[in-house]
Amino acid sequence: MPLSKSQTPEHHDIPQDVDGLLRLAAQSMFDVLARSTEGMMVVDRHHRVVWISEGYKRFLPALGFADEHEFVGKRVEDVVPNTQMLQVLETGKPVLVDLLTNKAGTFLVSRLPLRNDAGEVIGALGLVLLDHPETTMQPLITKFARLQQELEDTRRQLAAQRRPKYTIASFIGASPAALEVKRQARRVAQTDSTVLLLGETGTGKELMAHAIHAASRRAHRPLVGVNIAAVPETLLEAEFFGVAPGAYTGADRKGRDGKFKLADGGTLFLDEIGDMPLALQSKLLRVLQEQEVEPLGSNTVLRVDVRVIAATSRDLASMVAAGQFRADLYYRLNVLPIRVPALRERLDDIEALAEALGEDIARRSGMPQKLLSPDAIEWLMQQAWPGNIRELRNTLEQVSLMSDDMQLTAASFQGGSAGPATVAVVARAPQPVAPVVATAQAVAPLPELIEALERDAIARALQATGGNRMAAARLLQISRASLYERLARWPEIERTSEA
């Protein structure tokens, strides 16, 4: 007897148990995917391909296979270049959307793990969602490529900002004091011990810190600098150790890395270490000893590998005696002390320094480089320079930009007229000699006349100075670089002057 209408289930074909419903849903989804995707593949836990759909078979010729019998049964990494199915098998995590490119083309793919009743991964299902997505999904792919490029550009810019700006060769000077500090820098660069740079303001301590890092095994890692005197005392701890997410009201929800974390694997330069508050000195000491930092608001201790270079223009030993600086921190910093000499202790380097600074001033200002007369060099060497190289640069830049003359004399720096000094220098300039006059009377081409005049003038200057190139350049009122360029072009000049 047939069931009455009230007795007939409305959904008599839908399983009433949960397992049955899940099996039905899985089968239905599989059927839909098989019909709507471009192709499907199943691999087992041993990476072997156990099944491919009809749609997938059309990719086989491009992959180098005549039919599915040559393809099925092989390890997937051997038959599908660049596949990531192994990642799904090893981690058990799906890759819902990805781009796969190989000799068969570019595909939008999805990869899902297959599990048994115990939850173990026994295989993986790969789906080709779109064939040649570069045409159907061009806007999305273009945006993705642009974002990747921007990310790489940002990483390169950050890396460039963290690289050292100077090397040991950048510390200009050949005086005994300059050579000694460069020797010490090369020596300490071979270690990972803490370096303490001592010296007056403006002597080049920051340059030396960059140089030591550049000569060390950490040169490929970041160099991070902190000027302690320039950071408010209330922010110093966060600046050094970082901030945990939501550590205090107004803190970044993502947190922020401190300088120690940013310098991990590289070098941290602590400028003006003498200005560090006593309360923070104990925490810095712990980091130096343990190589561990604890961000503000966090209970997590982070390991760091940082080489510290500290610098100060203050007398730390006197500050320790006065109770203004912790003795234990002083001893921890004073492992490898290097004293950077004051400019008045290496006056022989002033000419080389002035020339290098003049070139940099000209490059930055876009103006021609101003030459220095011999009496200008002498005037510079007679000054006390309490501000050291920083003061020397300031003076050179000020006079170079304010003067219309291409050659700066002592009067230029003294603020007086350049007339008398210029006359005195011109009086020492070499005079044309007979061979040049004879050449001129023969009406030779102008370039030859100029070359003959230059060669003769250089030869005479070298004879007058006993072969001293620097003195000869001053006498000729040209830069050393210009003289060296001409000597490289005419090496016989020096041989003639020596004879």
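Two strands count as paired here if DSSP finds at least two bridges between them. With that in hand, welcome to a tour of this predicted model.

**The chain as a whole**

The chain holds 24 helices and 14 strands. It has 499 residues, and 40% of them count as buried. Among contacts with a separation of 6 or more, 63% link residues that lie 24 or more positions apart. About 28,000 Å² of the chain is exposed, and carbon and sulfur atoms supply 54% of that area.

**Strand pairs**

Here are four pairs to keep at hand while you look at the structure.

| Pair | Sense | Bridges |
|---|---|---|
| β1 (residues 39–44) and β2 (residues 49–52) | antiparallel | three bridges |
| β1 and β5 (residues 121–131) | antiparallel | six bridges |
| β7 (residues 223–227) and β8 | parallel | five bridges |
| β8 and β11 (residues 307–312) | parallel | four bridges |

**The antiparallel sheet**

Let us start with an open sheet of five strands, whose order is β2-β1-β5-β4-β3 with antiparallel pairing. Its edges are formed by β2 and β3 (95–102); each has a single partner strand, so one side of each is left without a neighbour in the sheet. On average, neighbouring strands of this sheet are turned by 25° against each other, direction ignored.

Strand β1 pairs with β2 through three bridges and with β5 through six. On the β2 side, Val43 stands opposite Val49. On the β5 side, Asp44 has Gly123 as its bridge partner. The hairpin of β1 and β2 has four residues between the strands, and His47 in this hairpin takes a positive phi near 75°.

**Strand β8 and its parallel partners**

Now to strand β8, which spans residues 267–271. Is this strand mostly covered or mostly open? It is mostly covered, with five of its five residues buried. In a regular strand, side chains alternate between the two faces of the sheet. For β8, Thr267, Phe269 and Asp271 lie on one side, while Leu268 and Leu270 lie on the other. These residues are all buried, each under 20% relative accessible area, so both faces of β8 are covered.

Which strands pair with β8 in the parallel sense? One is β7, over five bridges, and another is β11, over four bridges. Individual residues show how these pairs line up. Asn227 of β7 has Asp271 in β8 as its bridge partner, and Phe269 of β8 is matched with Ile309 in β11. Both Asp271 and Phe269 are among the buried residues of β8.

How values were computed: Residues are numbered from 1 along each chain as its sequence is written. This is a predicted model: local features need pLDDT of at least 70, side-chain atom pairs count only at pLDDT 80 or more; totals for chains, interfaces and linings use all residues. Side-chain values use heavy atoms; hydrogens and water are left out. Helices (H or I, at least four residues) and strands (E, at least two) are DSSP runs, numbered from the N terminus. Axes are lines fitted to C-alpha atoms, for helices over the stretch in contact, and angles run from 0 to 180 degrees between N-to-C directions. Buried means under 20% relative accessible area, exposed over 50%, partly exposed in between (1.4 Å probe, protein chains only). Contact means heavy atoms within 4.5 Å. Accessible areas come from the Shrake-Rupley method with a 1.4 Å probe; for residues, only the protein chains shown count as cover.
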